[in-house]
Amino acid sequence: MSSYKPTVIQNYPKLGNKVTRDTLYWKNYKSPVQIKEFGAVTNINFSPIAPYNYAVTASTRINIYGRYSQEPLKTFSRFKDTAYCGTYRDDGKLLAAGSEDGIVRLFDVGGRAALRQYSGHTKAVQVTAFTSDKYRLMSGSDDYSVRLWDIPSSTELHSFKEHTDYIRCGCTSNLNADLFVTGSYDHTVKVFDARMDKSVITMEHGQPVESVLLFPSGGLLVSAGGRYVKVWDMLKGGQLLVSLRNHHKTVTCLYEAIVVGMTNSVLNIRHRKRNENKQENRKRGPSYRYFIKGKDYMPKKDDLLVSKPVRSHLKKYDKLLKSFQVSLALDAVLESKVRVKTPEITTGVMQELNRRGVLQNALAGRDEKQLSVLLSFLIRNVVDPRFTPVLINVAEIIIESLLLGNHVYMKGQLEKLNFQVSKHEN
């Protein structure tokens with residue numbers, strides 16, 4: 001008797017996701033670390049100086065986290081109501097935050113108690129920013145007003161009430177300490193000058209403004225709101241340069257970050273993978289040339305070829321097919337680890353059974369559980385173009401046998417499979 005030939009499993013191309021630049025970029029990050037906060041995270045702000053700690057504003061407190069710490073290094077909890085917009089000063093020594101009660105608080109990063117409190121707003125303050133001279137503080141509130149405070153004396157320097165809706169974003173200029181920008185739900189972005197009594201530039205965004213970002217050069221301003229991100233030329237008096245609408249939902253922030261706060265009180269952190277040179281600490285192995293040595297060698301006339309027979313190890317289903325146990329062979333490839341991860345093997349064995357003319361015998365005599373597993377496999381894979389030619393034949397045999405046997409308990413799965421088969425035939 002000739003030796004048994006193993007079942008030929010056809011190699012199909014892998015249906016993986018398309019590799020893009022975004023895919024390659026996110027592969028450079030480790031799996032995210034998630035930290036549970038006490039409430040919805042309303043703001044995250046990074047310290048501009050080393051070691052670049054970041055302040056997470058959530059509920060009635062502000063937690064300071066280190067670069068790799070999963071526990072707060074420090075907590076500021078002197079808030080009577082929800083805290084908002086914890087923001088570092090450029091030197092990383094002071095931290096300002098607004099709150100639901102309308103009070104702006106100033107903290108020393110090295111201490112715990114509030115250094116100053118600025119009262120004047122009548123509603124929640126959700127925007128704070130330091131001016132570039134480090135001696136003034138800007139705040140925006142739900143009372144439609146923007147106020148400028150003197151840090152040392154705790155006095156109000158200016159109050160602008162030009163917006164007609166909530167002010168939810170703002171920033172200051174790095175080049176000019178008198179300039180600052182605010183965005184409001186009244187669809188406008190306004191540029192203010194502390195030396196003037198009113199705004200100097202007004203831009204119509206067209207949607208409630210959620211975030212504004214002023215470029216370090218001061219020449220360009222970006223606003224986000226609704227599905228739009230718009231770029232404005234500040235040197236031409238706020239002229240619109242480009243309007244981007246690549247998003248399907250509201251854009252809520254303009255920032256390049258790897259720390260994300262969520263409304264379900266979860267803080268999600270991603271770290272870049274370290275580029276460690278592992279080969280330096282590892283013993284150097286044979287080079288690539290060693291392994292391909294002699295690959296292109298051309299045999300000569302007097303060379304003697306010594307071949308060693310290679311023993312082939314049969315898979316479980318091949319052993320069963322070799323001993324003509326066709327029903328058990330089909331059971332072997334319908335195991336969950338085979339049919340889910342490698343459906344091509346299950347399909348290949350079915351194709352071999354069909355070629356031998358014993359497919360109907362292998363499908364006969366199955367109980368309710370085995371039939372349910374088989375139907376689930378067919379429903380899931382019969383629409384796959386790679387397996388359709390083989391599985392259509394199997395499905396027709398199953399449908400015919402179940403209809404003749406009047407299996408009421410399989411009615412749902414049977415109707416679904418019958419619909420997919422008839423749809424393919426049409």
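**Entry 1: the largest nonpolar core.** I began with the largest nonpolar core of this predicted model, which holds 37 residues, and I looked up which of them touch the most other members: they are L330, M350, L353, L363, L378, I398 and L417. I then asked which helices supply at least two residues of this core each. They are α3 (316–322), α4 (326–333), α6 (343–356), α7 (359–363), α8 (368–381), α9 (388–405) and α10 (411–425). The largest share, eight residues, comes from α9. I also noted a second, separate core of 13 residues, with I201, V209, L221 and W232 among them. For background I wrote down that, in soluble globular proteins, nonpolar side chains tend to be buried together.

**Entry 2: L378 and its contacts.** I picked L378 from the list of core residues that touch the most other members and, leaving aside its neighbours within four places in sequence, I found it in contact with L391, V394, A395, I398, L417 and Q420. Two of these partners, I398 and L417, I had already met in the list of residues with the most core neighbours.

**Entry 3: helix α6.** I checked whether the length of α6 agrees with its number of residues: at 1.5 Å a residue its 14 residues should span 20 Å, and the end C-alpha atoms are 20 Å apart, which agrees. Which residues of α6 are buried? I listed P343, I345, T346, T347, G348, V349, M350, E352 and L353, and I recognised M350 and L353 from the core list. Just after this helix, G357 takes a positive phi of about 80 degrees.

**Entry 4: L359 in α7.** I next turned to L359, which is found in helix α7. Is L359 buried or exposed? Its relative accessibility is 3%, so L359 counts as buried. Apart from neighbours within four places in sequence, L359 is in contact with M350, L353, N354, N393, V394 and I397. For one of these partners, I397, I also looked up the spacing: L359 and I397 are 38 residues apart in sequence, while their C-alpha atoms are 9.0 Å apart in space.

**Entry 5: D178 in a loop.** I then looked at a charged residue, D178, which is found in the loop between β14 (167–172) and β15 (179–184). Because its relative accessibility is 15% and the cut-off for buried is under 20%, D178 counts as buried. With which side chain does the side chain of D178 make a polar contact? The partner is the side chain of R136, at 3.0 Å. Not counting residues up to four places away in sequence, D178 touches R136, F192, D193, A194 and R195.

**Entry 6: the sheet β10-β11-β12-β13.** I traced an open sheet of four strands in the order β10-β11-β12-β13, and its pairing is antiparallel. Why is one side of β10 (125–130) and of β13 (155–160) left without a neighbour in the sheet? These strands stand at the edges and each has a single partner strand, so one side of each is left without a neighbour. Neighbouring strands of this sheet are turned by 20 degrees against each other on average, direction ignored. Strand β12 (residues 146–150) is joined to β13 by five bridges, and the two run antiparallel; I noted that D150 stands opposite T155 in β13.

**Entry 7: the sheet β6-β7-β8-β9.** I traced another open sheet of four strands, with the order β6-β7-β8-β9 and antiparallel pairing. Its edge strands are β6 (83–88) and β9 (114–118), each of which pairs on one side only. Strand β7 (residues 94–99) and strand β8 (residues 104–108) run antiparallel and are joined by four bridges, and L95 stands opposite F107 in β8.

**Entry 8: strand β23.** I found that both faces of strand β23 (residues 266–269) are covered, since V266 and N268 on one side and L267 and I269 on the other are all buried. Strand β1 (residues 33–36) pairs with β23 in the antiparallel sense over four bridges, and the bridge partner of Q34 in β23 is N268.

**Entry 9: the whole chain.** I closed with the totals: the protein chain has 10 helices and 23 strands, and 40% of its 426 residues count as buried. Of the contacts in the chain with a separation of 6 or more, 46% are between residues 24 or more positions apart.

Notes:
Residues numbered from 1 in each chain as written. Predicted model: local features only at pLDDT ≥ 70, side-chain atom pairs only at ≥ 80, totals over all residues. Heavy atoms only, no water. Core = buried A, V, L, I, M, F, W, Y, C linked by side-chain atoms within 4.5 Å. Buried < 20%, exposed > 50% of the residue type's maximum accessible area, 1.4 Å probe, protein only. Contact = heavy atoms within 4.5 Å. Polar contact = N/O pair within 3.5 Å; in protein donor to acceptor, adjacent residues only side chain to side chain. Expected span 1.5 Å × (residues − 1). Pairing = 2+ DSSP bridges. Axes fitted to C-alpha atoms, helices over the stretch in contact; angles between N-to-C directions.
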